Each structure stands twice: as C-alpha cells, then as structure tokens.
Amino acid sequence: MFLRLSLAIGLVAAATLGASAQSATESWRLGGLKMPESVIFDTANNRLIVTNMVTFGPDGGADGYLSIVSPDGKLVTEQWTTGLTDPKGMAIVGDSLFVADSNGLVEIKLSDGSIVTTHALEGAMFPNDVTSDGADVYVSDLMGSAIYKLAGGTVEKWLADEKLATPNGLFIDGKTLIVGSMGTGMKPDFTFDSKGGLQAVDLATKAITPLTGAMEVALTDGVARLGDSLVFDDNPAGTILSYADDKVTTLTTLAPGAADLWVEGKVVYVPLTQTGELVALTVE
C-alpha cells in the first residue's frame, strides 16, 4: 500500500546489529514504473517481477499490471500481465504466481504471465500482501485486520483479530508468520494514532506475539529475512529498518512510499510507490 506524503530523500546510514555492523549501499535504481507496490525475485527464471498499481482505487479500473525487471535493474517487459486493478503483494508456489488484488487473489502462470483464475477472498476489505510456506498461501487484509489462507484450492478467513494492528506485510519464517503491522487508529488519509511494527503469529496455534522492541516503531509495509535479522520498512518515512537481538536500527532512508520489499541474498529490493522507482540495496 502507499501513503501520499511529500518526497524526502535521505542518506545511507550504518546500523549496529549485535556485535556486527551492517551498511546498505544503493546498487541500482530503476525509474519509470507506475506506482510499484511489490517486488519478488523469481529464482527459477532469474528475474524480478514488480506490481504496478498505476491508478490507485476503483476509479482507475483494470489499469494495473506486472513488469519484468532483470537482476541488474533493466526493464525487460513493461506490461507482462495486464488487466489487474491494484496489484500488490506476491508469492510464488511451484509454477504459479499469486498476486493480491482488489477483487481477490489472482493466480498467474509464471511461464507466460497469463491469468489462470482469481480466488475470491470473501469479506476482505483490502487484500494486501501475500506469502507462502511452499504449499499454502496467506494474504493480509489490511483494513479487515485479518489474514486469509488458500490451501488445496479452498480459501478461508484464517485469522481475524484487532491485535494484528492493521496487518500489511507478511513473511513465513519457519513455523511462524511474521506480520508487519501499520499501527492502530487508522484515519481515512492513512495516518495512524500509533505506529505498528513486527509481530509473530504461530502457524499452529495462531497465537499473536509482538516481537520485543519491534512495536510502535514503524508504519510497516514489507518484511523479509536477511541472515540473522529481519528487514522491514516504514512506508511514509521511507526508512529501511533492521531488527535483531530485540533492537531496531536504520539501514537507510529512501523516499516516502517504501512498500513491499524483497530480500534475495544480500540484496534488498524496495519499490517506491510515490516516485515510481525500484531500488536495489546491497547490505554488508
């Protein structure tokens, strides 16, 4: 998702995680995207897939699409899959790409980008991010404070709880679902009474546990793992954060609209909805 705030570009910062220091260096930046919200690395085909919302909201119609980008930041195919509304988070399972859209969870063939079907998410108010354990697919409903699950072709509202605090980013971490929460008291302009952060949901019991030191720190959009740390962002501030040893530190500040990021190796890929860019950060 995105927040329309003024542009503010910061400098790369060093951060301390436990006994080791991490620094983020911008490797490349690709412009010309249309409100990019999410990025995923398609390992089997050695490429990045980016969702473009284009015109956010129902007034835009089905003008959203997916783009293909090379690992070195070159635009390969601008409109690979078209006919989407507001495509956001993604997950890959086998030969299929699953994309959260306004009207449900869209299943797409990785081989050619064609749409297979759309799985209805009954009652979902704002389908946002997607993650998978390799078999089942989980989708966050930001405004519904819920998480949906697709398993064996059947969709269920898997968890609904206000404790999720406006769930946005999702990431499967072993037997735990890491939830990036935006916060509480959301206003119509996407501002909040209090910031969110990171929470853990036990996949077996559905118990929700805030991660120590990682709540009330960010309006979290994307979250992923980088070695011993979790990397996440604060959407309106444009900061890229790292969490380890119960501490949150700042890797860098980019621009407002830092959305659903992806980590591949030592590289953090960050879509910036407000500037229409995809940034690759190498973290050492």
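In this predicted model, K206 is found in the loop between strand 17 (194–202) and strand 18 (208–210). K206 is not a glycine, yet its phi is positive, near 70 degrees. Its relative accessible area is 31%, so K206 counts as partly exposed. Strand 17 itself holds G197. Here the picture changes: G197 is buried, with a relative accessible area of 0%. The C-alpha atom of G197 is separated by 5.7 Å from that of T220, although their positions lie 23 residues apart along the chain.

A second loop residue can be set beside K206. D246 lies in the loop between strand 21 and strand 22. The phi of D246 is near 65 degrees, again a positive value in a residue other than glycine. With a relative accessible area of 48%, D246 is partly exposed. The cut-off for exposed is over 50%, and buried means under 20%, so a value of 48% falls in between.

The strands on either side of D246 are paired. Strand 21 (residues 239–244) and strand 22 run antiparallel and are joined by 6 bridges. Within this pair, L241 stands opposite T250 of strand 22. Both strands belong to an open sheet of 4 strands, in the order 19-20-21-22, with antiparallel pairing. Strand 19 and strand 22 (247–253) are the edge strands, and each pairs on one side only. From one strand to the next, the twist averages 25 degrees.

Another open sheet has 4 strands in the order 7-8-9-10. Its pairing is antiparallel as well. The edges are taken by strand 7 and strand 10 (115–119). Each has a single partner strand, so one side of each is left without a neighbour in the sheet. Neighbouring strands of this sheet are turned by 25 degrees against each other on average, direction ignored. Inside the sheet, strand 8 (residues 96–101) pairs with strand 9 (residues 104–109) over 6 bridges, in the antiparallel sense. L97 stands opposite I108 of strand 9.

Strand 3 shows how a strand can be enclosed. In strand 3 (residues 36–42), 7 of the 7 residues are buried, so the strand is largely enclosed by the rest of the structure. Strand 3 runs antiparallel to strand 4 (residues 47–52), and 6 bridges join the two. F41 stands opposite L48 of strand 4. The two strands form a hairpin with 4 residues between them. In this hairpin, N46 takes a positive phi near 50 degrees.

A side-chain contact involves N52. The side chains of S67 and N52 are joined by a polar contact of 3.0 Å. S67 lies in strand 5 (residues 64–69). S67 has a relative accessible area of 1%, so this residue is buried.

Strand 25 gives a similar account of burial. Of the 7 residues of strand 25 (residues 277–283), 7 are buried, so this strand too is largely enclosed by the rest of the structure. Both of its faces are covered. On one side, E277, V279, L281 and V283 are buried. On the other, L278, A280 and T282 are buried. Strand 24 (residues 267–272) is joined to strand 25 by 6 bridges, and the two run antiparallel. One of the bridge partners in strand 25 is L281, which is matched with V268. The hairpin of strand 24 and strand 25 has 4 residues between the strands, and G276 takes a positive phi near 70 degrees there.

Several strands meet at the largest pocket. Rolling a probe the size of a water molecule over the atoms shows where empty space is left. The largest pocket contains about 370 Å³ of space. Its lining is made up of 24 residues. I40, M90, A91, F171 and W262 lie nearest the centre of the pocket. Six strands each supply at least two residues of the lining: strand 3, strand 7 (90–93), strand 11 (127–132), strand 15 (167–173), strand 19 (220–226) and strand 23 (262–264). Strand 3 gives the most, with 5 residues. By class, the lining has 15 nonpolar residues, 4 polar and 5 charged.

Key: Residues numbered from 1 in each chain as written. Predicted model: local features only at pLDDT ≥ 70, side-chain atom pairs only at ≥ 80, totals over all residues. Heavy atoms only, no water. Buried < 20%, exposed > 50% of the residue type's maximum accessible area, 1.4 Å probe, protein only. Pairing = 2+ DSSP bridges. 1 Å grid on protein atoms, 1.4 Å probe; cavity = no way out; pocket = protein on both sides within 12 Å on 5 of 7 lines; lining within 4 Å. Points joined across faces, edges and corners; volume = space filled by probe spheres on them. Nonpolar A, V, L, I, M, F, W, Y, C, P; charged D, E, K, R; others polar. Axes fitted to C-alpha atoms, helices over the stretch in contact; angles between N-to-C directions. Polar contact = N/O pair within 3.5 Å; in protein donor to acceptor, adjacent residues only side chain to side chain.
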